[in-house]
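The following note comments on a structural model, point by point. Please read each point with the sequence and the structure in view.

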Amino acid sequence: MKVPKLTSFPCSGYVDGSLYSFENGSYVNESIDNMSTGSGYWLRFDEAGTCAFSGEPVNELSITLSENWNLISGITSETSIYSIGDPNNIIIPGTFYAFNESYELTEILEPGKGYWVRSTSAGSINIGSVRLGKITTPFASTLNNANIIIINGAELYFGVDIPEAERLSYSLPPKPPTGAFDVRFTGDWKYCGSEGVIELINPGEPLEVEFNVRDGENWKLVNKETNSTFILHGEGNIVNLGGGDSFILQKID
């Protein structure tokens, strides 16, 4: 099916020069007329709005993935990730991510949105009517009993050990382009064991921090810039995390 190329984006309010694809492990600045079906993109807007697209429906796609992270899009209708054809079993479970203020796991691909997925190797997946090698088993996270810290809605987990064979399922997509919020542990992880360094990208938003620590455990969060220390015990929040972009999270024996 031939899909017409866009020569202008069908909505206003986007920032010129902020359209990016992701190729060979890095962001590539794109022009509107180079956008292609099945690929996902970053595009920054000054304010919320709605874009209306027209054209022939896209009911099925075969998408070629590269090894590691890929930025893709779906078809015209909502699609469960558990109906995606993965004949060579290359998709790493637990790595379908959307971006909504921050990265969040998703099980549904919505029309008009881009998504990250991580692959063990190069290969093709099928979305739509051709569904060979379905992903049939939902991902069973081992983080359900971990400690948690939530910074502006983004969840990080700590005090848990992950088997080496499963670690990539708890990795995060590449940091977003300039202007977006992001929080993660060093190494692009969403979890740490007894100690980790939290990296923060904040374009100036007020920080809202909540935490939930298992009974009997005490942790400290240290602002590496100001050396301010916060004790994490039970459930609570941090009113003023302070400036800086790097924080040490460490278990107190």
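1. **Overall make-up.** The protein contains 20 strands and zero helices. The model is a predicted one. The radius of gyration is 20 Å, close to the 18 Å that the globule rule gives for 253 residues, so the protein is as compact as a globular protein of that length. Along the principal axes, the C-alpha atoms fill a box of roughly 60 × 40 × 25 Å.

2. **Surface and contacts.** Of the 253 residues, 42% are buried. The exposed surface amounts to about 13,800 Å², and carbon and sulfur atoms supply 46% of that area. Among contacts with a separation of 6 or more, 67% are between residues 24 or more positions apart.

3. **The five-stranded sheet.** One open sheet has five strands in the order β14-β12-β11-β16-β19, and its pairing is mixed. Strands β14 (191-192) and β19 (235-238) stand at the edges; each has a single partner strand, so one side of each is left without a neighbour in the sheet. The reader may wish to trace this order on the structure before turning to the individual pairs.

4. **The two partners of β12.** Strand β12 (residues 154-158) pairs with β14 in the parallel sense over two bridges, and F158 has C192 in β14 as its bridge partner. The pairing of β11 with β12 is antiparallel, with five bridges; here I149 is the bridge partner of L156 in β12. Both senses of pairing can thus be followed from one strand, parallel towards β14 and antiparallel towards β11.

5. **Burial of β12.** Is this strand enclosed or open to the surroundings? Four of the five residues of β12 are buried, so the strand is largely enclosed by the rest of the structure.

6. **The turn between β11 and β12.** N152 lies in the loop between β11 (147-151) and β12. The hairpin formed by these strands has two residues between them, and N152 takes a positive phi near 50 degrees. N152 has this positive value although it is not a glycine. At 17% relative accessibility, N152 falls under the 20% limit and therefore counts as buried.

7. **A second residue of this kind.** D188 also is not a glycine, and its phi is positive at about 65 degrees. D188 is placed in the loop between β13 (182-185) and β14. With a relative accessibility of 32%, D188 counts as partly exposed.

8. **The largest nonpolar core.** Which residues have the most contacts inside the largest nonpolar core? They are I149, F158, I198, L221 and L232, in a core of 32 residues. Strand β12 supplies the largest share of this core, namely four residues. A second, separate core has 17 residues, including I81, I84, L109 and Y115. As a general tendency, nonpolar side chains in soluble globular proteins are buried together.

9. **L232 and its surroundings.** Not counting residues up to four places away in sequence, L232 touches I149, F158, F211, V213, E217, N218, W219, L221, I238 and L249. Of these, I149, F158 and L221 are also listed, with L232, among the residues with the most contacts inside the largest core.

10. **The hairpin of β6 and β7.** Strands β6 (residues 97-100) and β7 (residues 102-105) run antiparallel and are joined by four bridges. Y97 has L105 in β7 as its bridge partner. One residue lies between the strands of this hairpin, where E101 takes a positive phi near 75 degrees.

11. **A98 within β6.** A98 belongs to strand β6. Its relative accessibility is 14%, so A98 counts as buried. Leaving aside neighbours within four places in sequence, A98 is in contact with Y103, E104, T106 and Y115. A98 and E110 are 12 residues apart along the chain, and their C-alpha atoms are separated by 9.8 Å.

12. **T95 in the preceding loop.** T95 is located in the loop between β5 (79-80) and β6. Is T95 buried or exposed? At 0% relative accessibility, T95 counts as buried. The side chain of T95 reaches the backbone nitrogen of R118 at 3.2 Å. Beyond neighbours within four places in sequence, the contacts of T95 are W69, W116, V117, R118, L168 and S169.

Definitions and conventions
Residues are numbered from 1 along each chain as its sequence is written. This is a predicted model: local features need pLDDT of at least 70, side-chain atom pairs count only at pLDDT 80 or more; totals for chains, interfaces and linings use all residues. Side-chain values use heavy atoms; hydrogens and water are left out. Two strands pair if DSSP finds at least two bridges between them. Buried means under 20% relative accessible area, exposed over 50%, partly exposed in between (1.4 Å probe, protein chains only). Contact means heavy atoms within 4.5 Å. A polar contact is a pair of N or O atoms within 3.5 Å; within protein, one must be able to donate a hydrogen and the other to accept it, and residues adjacent in sequence count only if both atoms are side-chain atoms. A nonpolar core is a set of buried Ala, Val, Leu, Ile, Met, Phe, Trp, Tyr and Cys residues joined through side-chain atoms within 4.5 Å. The radius of gyration is taken over C-alpha atoms; the globule rule is 2.2 Å times the number of residues to the power 0.38. Accessible areas come from the Shrake-Rupley method with a 1.4 Å probe; for residues, only the protein chains shown count as cover.
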